[in-house]
Amino acid sequence: MPSFSPPPAILLVQPQLGENIGSAARVMLNFGLTDLRLVAPRDGWPNPAAETLSAGAFSQGVTVHVFENTPDAIADLTHVFAATARPRGMEKPVMGAPEAAAQIAGLGDGRAGILFGGESSGLSNDDVSLADKVLTYPVNPMFSSLNLAMAVGVFAQSWGDRSHTPPAGFRTETPPATRADLVGMFEHLEAELERAGYFFPPEKTAVMVQNLRAAFTRGHWTTQEVRTFRGAIKALAVGRGKARIKRDP
C-alpha cells in the first residue's frame, strides 16, 4: 500500500499584514492544511488583525510557529517549493500547483513546505536558492501581482482537489439508469408521440427517433429521473385525452 506524505507546511516569509496572515490561515484550513510558519513577520505575533480575518481558523486547527529566518523555518523539511512569479536565473524544476500537490502527496515519509514571499517584494533570491523546485501560477504576465492570501489559496485548493469527493448534499443519491431503463423510457415516449402524430412525415420517423434518443442519452439519467420522466409522459398522455397534435399543412 502506498505511503502518502503529510500535508505540507505553508511558510510566509516576512509577511506584512496581519489580515493576509489570517486570510491565509482561513483558506488553509478550508483545504486541510494546518501547519503555518511565519518568518520574521513585520508586526510580530500574535496579531489581532490576523485573528479577525481567520474566521476562527487558529482555534480550529491551524497552528502557528514563528522563526527568525528561512533556514530555521525549513530545517525539518525534506522538500521545499518556492512560490514565485519571477524568473530567478536558477536551474530548478518549475511546476504549477496541481503538479506540486501531486508530487508532495507522493513523498511518502518526507515532509514538504511551500515558501511564499511577503507582500512588498516576494521571496528573495536567497530564499529561492533553498528550494528544490519553483511553484508558479498561470497568471496574466501583464498583471502577475497576486495577493499573499490568494496565492496560498491557489495551492491550497490544488492540495484539496487531489482526492476531492463532493459532500453528501451534492452527490447523486440514486443509482444511474441502466440501458434497459433508458430504452423503456424511449419506447414509452415514442409510443405516445406516435399516438399524437408527432412522427411526420412517416419516412423520417427513424431519424427523428435516433435524434431523440441521442439527445436523451447525453443526460446521464438516474433511475429516479427516468421514473419521474415516465410519470410526466403518462400525465401528458392522459391530460390530452390521446388527442392528435395539430400540424400546419
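Let's start on the surface, where Leu 146, Met 150 and Val 154 together make a nonpolar patch of about 250 Å². Keep in mind as you look around that this is a predicted model. Met 150 sits in helix 6, which covers residues 148–161. With a relative accessible area of 54%, Met 150 counts as exposed, because the cut-off for that word is over 50%.

Leu 146 is a handy stepping stone to the next stop, the largest pocket. Leu 146 is among the residues that lie nearest the centre of that pocket, along with Thr 84, Ala 85, Gly 122 and Ser 144. The full lining runs to 23 residues. Which elements give two or more residues to that lining? They are strand 6 (112–117) and helix 6. So helix 6, where we just met Met 150, turns up here again as a contributor to the pocket wall. The space inside comes to about 500 Å³. As for the character of the wall, the lining of the largest pocket divides into 10 nonpolar, 10 polar and three charged residues.

There is a second largest pocket too, with a volume of about 160 Å³. Thr 84 and Ala 85 help to line this one, and you have already seen both of them by the centre of the largest pocket. Moving along the chain from there, the lining of the second largest pocket also includes Arg 86, Pro 87, Arg 88, Gly 89 and Met 90. Lys 92, Val 94, Val 134 and Thr 136 line the second largest pocket as well. By class, the lining of the second largest pocket has five nonpolar, three polar and three charged residues.

Now for the charged side chains that pair up. How many salt bridges are there? The count comes to six. One of them joins Asp 35 to Arg 111, with the closest N and O atoms 2.9 Å apart. Asp 35 lies in strand 2 and Arg 111 in the loop between helix 4 (97–105) and strand 6, so this pair ties together parts that are 76 residues apart in sequence. Is Asp 35 buried or exposed? Asp 35 counts as buried, because its relative accessibility is 10% and the limit for buried is under 20%.

Stay with strand 2 for a moment and find Arg 37, whose side chain meets that of Asp 76 in a salt bridge of 2.7 Å, N to O. This pair also links distant parts of the chain: Arg 37 is in strand 2, while Asp 76 is in the loop between helix 3 (70–73) and strand 4 (79–83), 39 residues apart. The two partners have their own settings. Arg 37 is buried at 6% relative accessibility, whereas Asp 76 is partly exposed at 46%.

Further along the chain, Arg 213 forms a salt bridge with Glu 190, and here the closest N and O atoms are 2.7 Å apart. Arg 213 lies in helix 8 and Glu 190 in helix 7, so the pair ties together parts that are 23 residues apart in sequence. Arg 213 is partly exposed, at 27% relative accessibility, and Glu 190 is buried, at 13%. Going back to the pairs around strand 2, salt bridges that share partners join Asp 35, Arg 37, Asp 76 and Arg 111 into one network.

Last, a look at the backbone, which has a few spots worth picking out. Where are the cis peptide bonds? One joins Trp 45 and Pro 46, with omega about 5°. Pro 46 is in the loop between strand 2 (35–39) and helix 2 (48–53). Another cis peptide bond joins Phe 200 and Pro 201, with omega about 0°, and Pro 201 lies in the loop between helix 7 (179–195) and helix 8 (205–217).

The loop between strand 2 and helix 2 also holds Ala 40. Ala 40 has a positive phi of about 45°, although it is not a glycine. This residue is partly exposed, with a relative accessible area of 31%. Gln 14 is another non-glycine residue with a positive phi, near 55°. Gln 14 is found in the loop between strand 1 (9–13) and helix 1 (18–30), and at 51% relative accessibility Gln 14 counts as exposed.

Conventions. Residues are numbered from 1 along each chain as its sequence is written. This is a predicted model: local features need pLDDT of at least 70, side-chain atom pairs count only at pLDDT 80 or more; totals for chains, interfaces and linings use all residues. Side-chain values use heavy atoms; hydrogens and water are left out. Helices (H or I, at least four residues) and strands (E, at least two) are DSSP runs, numbered from the N terminus. Buried means under 20% relative accessible area, exposed over 50%, partly exposed in between (1.4 Å probe, protein chains only). Patches are made of residues with over 30% relative accessible area and no salt bridge: like charges are joined within 9 Å, nonpolar side chains (Val, Leu, Ile, Met, Phe, Trp, Tyr) within 5 Å. Accessible areas come from the Shrake-Rupley method with a 1.4 Å probe; for residues, only the protein chains shown count as cover. A salt bridge is a side-chain nitrogen of Lys or Arg within 4 Å of a carboxyl oxygen of Asp or Glu. On a 1 Å grid over the protein atoms alone, a cavity is a set of points where a 1.4 Å probe fits but cannot get out, and a pocket is an open set with protein on both sides within 12 Å along at least five of seven lines; lining residues have an atom within 4 Å of a point. Grid points are joined across faces, edges and corners, and a volume is the space filled by probe spheres set on the points. Ala, Val, Leu, Ile, Met, Phe, Trp, Tyr, Cys and Pro count as nonpolar, Asp, Glu, Lys and Arg as charged, and the others, Gly among them, as polar.
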